[in-house]
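Hi there,

I am passing this structure on to you, and I hope you enjoy exploring it. Please open it first, and then read on for what turned up.

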Amino acid sequence: TPEKLVGMEETIASSNTEILSISDPATLASVLTDGVKNTIGDSRVKVTYEPEYVPAVPPPVPDIPLEHLAAMIKATVKVEVLDDNIAYLKIQHIIGEEMAQKVGPLLLEYIWDKVLPTSAMILDFRSAISGELSGIPYIVSYYTDAEPLIHIDSVYDRLSDITTELWSMPTLLGKRYGTSKPLIILTSKNTLGVAEDVAYCLK
């Protein structure tokens with residue numbers, strides 16, 4: 001959280017005075033990793049030295065037949081309406097905006113039309129281990145109002161030194177679930193990457 005980052009640099013430096021004299025990048029990265037983990041209490045954080053790092057570029061959406069896309073969606077999303085008119089939506093992979101636009105009618109028919117009339121929703125991200133960055137504003141926007149636009153997140157790419165600002169979307173496929181109905185988000189230690197970001201943004 002932002003609160004944990006306040007004073008992190010000073011804390012790491014004061015508790016690891018050897019940082020000032022370390023010239024080997026790999027050793028420095030290891031010491032910084034220990035310092036960051038101790039400071040923010042997150043064992044997953046790791047500092048690495050990668051002089052040849054090239055950011056991964058998501059591959060373009062292949063020209064997959066619609067029936068195959070339908071099978072993929074049904075394999076990674078579980079949807080049902082529970083007692084008391086509560087929607088249950090389990091998502092294992094968060095698709096990007098491009099894919100969502102391509103399979104839009106399928107998403108509406110298989111998922112959204114079923115959950116939209118419900119009076120509350122459970123979003124289950126406990127097994128969500130993958131996703132695409134462009135899917136963050138897409139999914140979050142279904143739980144916001146169209147106006148005013150909301151700043152969702154800022155994603156920084158170290159190599160290009162570019163920060164991408166993510167905002168809620170003014171228009172979407174289908175209707176929004178809205179902001180007045182209860183939304184319960186389930187996460188676990190297996191909730192990673194984009195799904196973890198979506199859960200944090202919705203919170």
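Which residues lie nearest the centre of the largest cavity? Keep in mind that this is a predicted model. They are Ile91, Leu107, Ile111, Tyr138 and Ile139, out of 20 residues that line the cavity.

A search of the whole structure finds 1 cavity of 30 Å³ or more, and its volume is about 350 Å³. Several elements build its wall: helix H4 (66-76), S2, strand S3 (93-94), H6 and helix H7 (135-140) each supply at least two lining residues. H6 gives the most, with 5 residues. If you colour the lining by class, you should find 16 nonpolar residues, 4 polar ones and no charged ones.

Now for the sheet. Strands of a sheet pair through backbone hydrogen bonds, either parallel or antiparallel. Here, 4 strands form an open sheet with mixed pairing, in the order S1-S2-S4-S8. Strand S1 (77-82) and strand S8 (183-186) are the edge strands, each pairing on one side only. From one strand to the next, the twist averages 15°.

Have a look at strand S4 (residues 120-124) as well: 4 bridges join S4 to S8, and the two run parallel. Within this pair, Leu123 stands opposite Ile185 in S8.

Finally, H6 links both parts of the story. Helix H6 (residues 104-115) packs on the sheet, where it touches S1, strand S2 (86-91) and S4. The direction of H6 makes about 30° with that of S1. H6 also gives the most residues to the cavity lining.

Happy exploring!

Methods:
Residues numbered from 1 in each chain as written. Predicted model: local features only at pLDDT ≥ 70, side-chain atom pairs only at ≥ 80, totals over all residues. Heavy atoms only, no water. Pairing = 2+ DSSP bridges. Axes fitted to C-alpha atoms, helices over the stretch in contact; angles between N-to-C directions. Contact = heavy atoms within 4.5 Å. 1 Å grid on protein atoms, 1.4 Å probe; cavity = no way out; pocket = protein on both sides within 12 Å on 5 of 7 lines; lining within 4 Å. Points joined across faces, edges and corners; volume = space filled by probe spheres on them. Nonpolar A, V, L, I, M, F, W, Y, C, P; charged D, E, K, R; others polar.
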